[in-house]
Amino acid sequence: MPPRPRTRRKKIKQKYPQHRPTLSAAFRDSTVLETGFLVGLVLVAAIVLWTYQYIVDSGQVSPSSPEAAPQLVRKSAHLRGSLPKNDNNNQQTLSSGGEGGGGGYEYFSNMAQDLAALSPTEALKKLEQSDPFGTRTFDSKLLEHETTLGRVLTIDEIKQQLFSCPRNEERITLPDARVEQKALDFREGKKGTFLFFQHLRKAGGTNFCSLATKNLPKRAQPHYYCMPDMAWSGNKNAGYLHSWSNEEIITRMKTSGFRIAGNEWENFDVTRHFDLPAVFATSFRKPLDRALSQFRFECIEDRGCRIKDVHKWWETRNDLWNVYTKTFADPPVGARKYFRGDEFAKERRDFMTKAIGTLSKFHIVLSMEWLAYGGPQVRSILGFDDVSALTTRVRPHIGQAKRDDGQDKNNLGSASIAKASWVPKEYLDAEQYKKMSEDLVLDEILTDVARRMFLERLVCEDVGGGVAIQ
């Protein structure tokens with residue numbers, strides 16, 4: 001058979017020849033577009049990376065770092081409102097706090113630890129400029145509102161204008177670590193139960209003792225400033241509950257019928273005091289204000305101290321440096337050496353972790369400057385009806401040095417406390433102000449934590465543990 005003509009093969013090969021130029025052109029155009037798109041994408045990515053590096057190098061912070069937290073607040077209508085919906089990094093960080101994302105405790109605890117690890121100068125700067133716990137801005141705004149109105153605010157006014165209840169994942173008080181059954185037992189008057197008050201000197205403790213005096217039967221009150229161990233020790237010591245075993249405290253409280261025990265001069269024993277059949281309460285005050293108040297009370301007003309120079313006095317009172325943190329962390333003797341230095345950052349983190357963990361288990365954490373707003377929590381948790389002592393100025397040993405400053409009755413809330421206190425920046429020279437502030441830096445952090453706990457329990461519909469504000 002003769003071979004097929006070559007012309008037939010050419011016809012098959014050239015079938016639909018009119019389509020090829022079009023397809024080839026389309027392919028060429030598509031390749032150019034894709035290449036251009038990829039090149040553009042690479043350029044955009046490079047620009048974004050360069051911009052991010054520039055921001056980091058210029059000292060800005062990532063959203064998950066502690067000092068970035070205030071930025072979450074300023075975009076909100078309230079001091080601590082909801083986080084921006086598009087801030088995925090912060091949403092994820094806060095949601096990780098607590099069990100099953102049910103609270104912000106872990107987030108705020110980590111933030112406090114990060115601050116404690118810094119040098120005192122850096123930590124104070126971040127607290128002042130960033131206000132990571134939202135309490136300092138609230139305090140200044142509250143003072144402004146009270147002064148303008150000439151009265152304390154209502155809780156609704158605080159909620160609407162100053163501090164609304166945060167979402168659960170933004171609450172340092174959640175998950176709630178308090179044992180509600182102990183508060184319930186105390187309210188119901190169960191035999192042997194009592195109020196354990198950790199008295200921070202010159203931070204509203206005497207007010208709290210007066211509160212108990214107004215609400216407990218006389219037979220249930222220790223004779224010396226709510227401290228039962230004065231009688232136990234034969235009038236030798238008062239406020240030294242760390243020195244007594246749990247068994248001794250339980251037996252003596254039950255036998256005497258006393259229902260309040262104040263621990264003023266020793267640390268809270270975190271290893272065993274929570275095992276007592278008690279409801280736990282304490283009250284904070286701005287650390288530098290507290291220190292100056294103690295100097296004024298003891299030295300200027302001649303109550304056992306003869307040093308009239310605050311510089312000399314402070315050098316002799318290193319036991320007061322970070323006294324709040326030591327009280328609630330209960331570190332070993334000699335902890336003061338860890339308060340400064342990068343090499344001791346881990347120890348400071350540990351102190352802060354333990355102190356915050358202890359505070360989270362206290363049923364009531366008050367702030368002396370905001371005592372006028374403590375009534376709802378005192379009523380609902382302790383079952384006390386008369387809370388007038390929270391707005392009445394009370395000082396121990398008042399006969400020794402009476403003050404005539406017109407602030408015996410607190411009608412202005414935090415504004416009244418401010419008027420009755422020495423202003424550190426006015427009383428101290430710049431160098432001494434800086435030194436004392438740095439010596440109290442851990443207490444500054446812990447006070448902001450305590451105040452946030454108080455605020456959350458004030459404005460939220462619940463205060464945790466099934467105890468609702470009435």
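**Exercise 1. The lining of the largest pocket**

Task: In this predicted model, work out how many nonpolar, polar and charged residues are in the lining of the largest pocket.

Solution:
- Start with the classes: the lining has 15 charged residues, 10 nonpolar ones and seven polar ones.
- Put together, 32 residues line this pocket. Those nearest its centre are E128, R136, K286, D289 and Y433.
- Next, look at where the lining comes from. Helices 6, 7, 13, 18, 19, 20 and 21 each supply at least two residues. Helix 7 gives the most, with six.
- Finally, the space: the pocket holds about 1000 Å³. How do you find a space like that? Rolling a probe the size of a water molecule over the atoms shows where empty space is left.

**Exercise 2. A covered helix**

Task: Find which residues of helix 10 are buried, and what they pack against.

Solution:
- Helix 10 spans residues 205-215, and eight of its 11 residues are buried.
- Go along the helix and tick them off: G205, T206, N207, F208, C209, S210, L211 and A212.
- Now check the neighbours. These buried residues pack against strands 1, 2, 3 and 4, plus helix 17 (375-382).
- Take a closer look at strand 4. I364 and L366 point one way, V365 and S367 point the other way, and all are buried.
- Strand 4 also pairs with strand 3, in the parallel sense, over four bridges. At one of them, I364 is the bridge partner of A281.

**Exercise 3. Unusual backbone spots**

Task: Say where C226, N235 and P175 are found, and what sets their backbone apart.

Solution:
- First, the background: most residues other than glycine have a negative phi, and most peptide bonds are trans.
- C226 goes against that, with a phi near 65° even though it isn't a glycine. You'll find C226 in the loop between helix 10 and helix 11.
- N235 has a positive phi too, about 65°, and is not a glycine either. N235 sits in the loop between helix 11 and helix 12.
- Buried or exposed? Check C226 and N235 in turn. C226 has 7% relative accessibility, under the 20% cut-off, so it counts as buried. N235 has a relative accessible area of 61%, over the 50% cut-off, so it is exposed.
- Last, the peptide bond: L174 and P175 are joined by a cis one, with omega about -5°. P175 lies in the loop between helix 8 (155-161) and helix 9 (180-187).

Definitions and conventions: Residues are numbered from 1 along each chain as its sequence is written. This is a predicted model: local features need pLDDT of at least 70, side-chain atom pairs count only at pLDDT 80 or more; totals for chains, interfaces and linings use all residues. Side-chain values use heavy atoms; hydrogens and water are left out. Buried means under 20% relative accessible area, exposed over 50%, partly exposed in between (1.4 Å probe, protein chains only). Contact means heavy atoms within 4.5 Å. Two strands pair if DSSP finds at least two bridges between them. On a 1 Å grid over the protein atoms alone, a cavity is a set of points where a 1.4 Å probe fits but cannot get out, and a pocket is an open set with protein on both sides within 12 Å along at least five of seven lines; lining residues have an atom within 4 Å of a point. Grid points are joined across faces, edges and corners, and a volume is the space filled by probe spheres set on the points. Ala, Val, Leu, Ile, Met, Phe, Trp, Tyr, Cys and Pro count as nonpolar, Asp, Glu, Lys and Arg as charged, and the others, Gly among them, as polar.
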